[in-house]
Each structure stands twice: as structure tokens, then as C-alpha cells.
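Here are my notes on the model, set out as numbered points. Please read them with the structure open.

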Amino acid sequence: QVQLVESGGGLVQAGGSLRLTCVASGGTFSRYNLGWFRQAPGKEREFVASITWSGGSSSYRDSVKGRFTISRDNAKNTVYLQMNSLKPEDTAVYYCNAGVLLGRPGSYWGQGTQVTVSS
């Protein structure tokens, strides 16, 4: 069983930056693909970014391309999301996800961290 704990959220002005961190325990971290999802009030949870188990490939939703960067450190069982040039529409609870198929039943979720971007 994998446990994921996110941190790094907070309140930031538009144009600012935050780095989210997700630390995993209890499983074979290096075998899992990792991702970040977010959920804004009144909206469904949506994919933000992902990185393969090897770290060799990553993908992003269109609205964050060029602003967000996902990375992982398997030695530290940690995945990061560097968020630059933040916009008010990035405001959401951000969740870390780990698994073979991200976002699917059987994958693991953290408890979420709130990101609020003020205009």
C-alpha cells in the first residue's frame, strides 16, 4: 500500500511561483508512473501533468505547458511540480497520484494541497 503526502501549496499572487512536493512511502515508488491532478470548486478533477516510472517522459495539459514542470527523484521517493507564471484559473486542490494507470481505480492518491492564486 502506497501512502502519498503532498505539501507546498499556499496563497500566491498571479505571476508567482510555487513548488509542490509529494513524498511516497509503503511501496515500490520507482515502479510507478506519477502524476498531478487538480480539482477546483464545483468542477471535476482534471489531469495536470505526469511522468513515467523512469522519468524519461512527461506530459502536461495544454493550459499549463511552458509554465509547469514535473520531475521525480526516485532516491527520495518524491515527485515535484514546479509551477511558474501562476494564474487565478490555476486555483484548485492539487493531488498527487501514483500507479500503473494514473487516475484509474487501483492507483493511489494523496490528501491534496490547496493552491490559491490571487489576481
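1. Start with Leu81. Setting aside residues up to four places away in sequence, Leu81 touches Leu18, Arg19, Leu20, Trp36, Val48, Ala49, Phe68, Thr69, Ile70 and Tyr94. Bear in mind throughout that this is a predicted model.

2. Leu81 belongs to the largest nonpolar core, which has 30 residues. Trp36, Phe68, Leu81, Met83 and Tyr94 are the members that touch the most others. Several strands feed this core. Those giving two or more residues are strand 3 (18–25), strand 4 (33–39), strand 5 (46–51), strand 7, strand 8, strand 9 (92–99) and strand 11 (113–118).

3. Now the overall make-up. The chain has 0 helices and 11 strands. Its pattern along the sequence is accordingly β-β-β-β-β-β-β-β-β-β-β.

4. One sheet deserves a closer look. It is open, holds 4 strands in the order 1-3-8-7, and pairs them in the antiparallel sense. Strand 1 (3–7) and strand 7 are the edges; each has a single partner strand, so one side of each lacks a neighbour in the sheet. From one strand to the next, the twist averages 15 degrees.

5. Take the pairings in sheet order. Strand 1 meets strand 3 through 5 bridges, antiparallel. Here Ser7 has Thr21 of strand 3 as its bridge partner. Strand 3 then pairs with strand 8 over 6 bridges, again in the antiparallel sense. Leu18 faces Met83 of strand 8 as its opposite residue.

6. The last pairing in that order joins strand 7 to strand 8 (residues 78–83), antiparallel, with 6 bridges. Phe68 is opposite Met83 in strand 8. Met83 thus recurs: it stands opposite Leu18 and opposite Phe68. Both Phe68 and Met83 are among the best-connected core members, touching the most others.

7. The hairpin of strand 7 and strand 8 has 4 residues between the strands. Check the backbone at Asn77 in this hairpin, where phi is positive, near 50 degrees.

8. Which side chains of strand 7 (residues 68–73) are buried? Phe68, Ile70 and Arg72 are, and they point to one face. Thr69, Ser71 and Asp73 point to the other face and are not buried. Note that Arg72 sits on the buried face together with Phe68 and Ile70. Leu81 contacts Phe68, Thr69 and Ile70 from this strand.

9. Thr21 is worth a look too. The residue lies in strand 3. Its relative accessibility is 15%, so Thr21 counts as buried, the cut-off being under 20%. Beyond its neighbours within four places in sequence, Thr21 contacts Val5, Glu6, Ser7, Trp36, Thr78, Val79 and Tyr80. Trp36 is also in contact with Leu81.

10. Finally, the global figures. For 119 residues, a compact globule would have a radius of gyration near 14 Å; the chain has 13 Å, so the two agree. The C-alpha atoms fill a box of roughly 40 × 25 × 20 Å along the principal axes. Buried residues make up 43% of the chain.

11. Contacts and surface complete the picture. Among contacts with a separation of 6 or more, 54% link residues 24 or more positions apart. The accessible surface is about 6200 Å², and carbon and sulfur atoms account for 48% of it.

How values were computed. Residues numbered from 1 in each chain as written. Predicted model: local features only at pLDDT ≥ 70, side-chain atom pairs only at ≥ 80, totals over all residues. Heavy atoms only, no water. Buried < 20%, exposed > 50% of the residue type's maximum accessible area, 1.4 Å probe, protein only. Pairing = 2+ DSSP bridges. Axes fitted to C-alpha atoms, helices over the stretch in contact; angles between N-to-C directions. Rg over C-alpha atoms; globule rule 2.2 N^0.38 Å. Contact = heavy atoms within 4.5 Å. Areas by Shrake-Rupley, 256 points an atom, 1.4 Å probe, with all protein chains shown as cover. Core = buried A, V, L, I, M, F, W, Y, C linked by side-chain atoms within 4.5 Å.
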